[in-house]
Amino acid sequence: MRAPGHDVAALVLRATLGPMLFAHGWNKVAGPGRLKGTTGWFESLGLRPAEVHARMAAGTEMAAGVGIALGAANPLPAAATVGLMTVAARTDHRGKGFFVFKGGWEYVGVVGGAAVALAALGPGRYSLDGVLRRQRAGAGPALLALGVGTASAAALLAACYQPERKPDETETDNQGR
């Protein structure tokens, strides 16, 4: 039996997280710099090929946002969100501390954590999964979202993350470190 308010809590979390993710993806495509600006930003981060990653990140954010907002296919949109936030933490926010106003990982940590929490909570009765009677909730979906998202991000980073090395890093590497 679910606790009172469970379905409302899931709806509120989905209605907050889903549209926010969609808006971030849409901004990568149609924001001030459009897709060209996002591609340049991803190039500067070291994601190669940058145009592919810009499109993939935008599309994944929009799809995960819609999936979460509708409460569809839990925990897959949560896993996509964890993957996105893990890549962002490793590339754009790494080494900048905790607070987002200093470029830190605070924001991506909260979004990733909220996605895992939503996978555990389940989408609730007021969702597409609820209407279709496909309620997946608990530790299993949460661990799946965390594991698939993190593993996907690790694979992407291993294959495609090639940041520019700073001169002092190259010197250290050449000295046998």
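What follows is a short back-and-forth about a predicted model.

User: What makes up the secondary structure of the chain?
Analyst: Eight helices and zero strands. Read from the N terminus, the order is simply α-α-α-α-α-α-α-α. The C-alpha trace spans about 60 × 35 × 30 Å along its principal axes, and 40% of the 177 residues count as buried.

User: Why is aspartate 129 called buried?
Analyst: Buried means under 20% relative accessible area. Aspartate 129 comes in at 0%, so it counts as buried.

User: Where does aspartate 129 sit, and which residues is it in contact with beyond its neighbours within four places in sequence?
Analyst: Aspartate 129 belongs to helix α6, residues 128-131. Its contacts beyond that sequence window include Gly71, Ala72, Ala73 and Asn74, along with Pro123, Arg134, Gln135 and Arg136.

User: How many aromatic pairs does a search of the whole structure find?
Analyst: Five. One of them joins phenylalanine 98 and tryptophan 105, with 5.0 Å centre to centre and 80 degrees between the planes.

User: What makes the pair of phenylalanine 98 and tryptophan 105 edge-to-face or stacked?
Analyst: Two cut-offs decide that: ring centres within 6.5 Å make a pair, and planes over 60 degrees apart make it edge-to-face. At 5.0 Å and 80 degrees, phenylalanine 98 and tryptophan 105 pass both, so edge-to-face it is.

User: And what about phenylalanine 99 and phenylalanine 101: stacked or edge-to-face?
Analyst: Stacked. The planes have to be under 30 degrees apart for that, and here they are 25 degrees apart, with 5.3 Å centre to centre.

User: Are these rings buried or exposed, and how do you know?
Analyst: Over 50% is exposed, under 20% is buried, and anything in between is partly exposed. Phenylalanine 98 has 39% relative accessibility, so it counts as partly exposed. Tryptophan 105 at 43% is also partly exposed, and so is phenylalanine 99 at 41%. Phenylalanine 101 reaches 64%, and therefore counts as exposed.

User: Which residues do ring pairs link into a cluster?
Analyst: Phe98, Phe99, Phe101 and Trp105.

User: What share of the contacts with a separation of 6 or more comes from residues 24 or more positions apart?
Analyst: For this chain, 66%.

User: What about the surface and the charges: how much area does the chain expose, and how far apart are the mean positions of the charges?
Analyst: The chain exposes about 9,900 Å², and carbon and sulfur atoms supply 65% of that. As for charge, there are 18 positive and 12 negative ones, and their mean positions lie 9 Å apart.

Technical notes: Residues numbered from 1 in each chain as written. Predicted model: local features only at pLDDT ≥ 70, side-chain atom pairs only at ≥ 80, totals over all residues. Heavy atoms only, no water. Helix = DSSP H or I, 4+ residues; strand = E, 2+ residues; numbered from the N terminus. Buried < 20%, exposed > 50% of the residue type's maximum accessible area, 1.4 Å probe, protein only. Contact = heavy atoms within 4.5 Å. Areas by Shrake-Rupley, 256 points an atom, 1.4 Å probe, with all protein chains shown as cover. Lys, Arg positive; Asp, Glu negative; His and termini not counted. Charge placed at Lys NZ, Arg CZ, Asp CG, Glu CD. Phe/Tyr/Trp six-rings, centres within 6.5 Å; stacked < 30°, edge-to-face > 60°.
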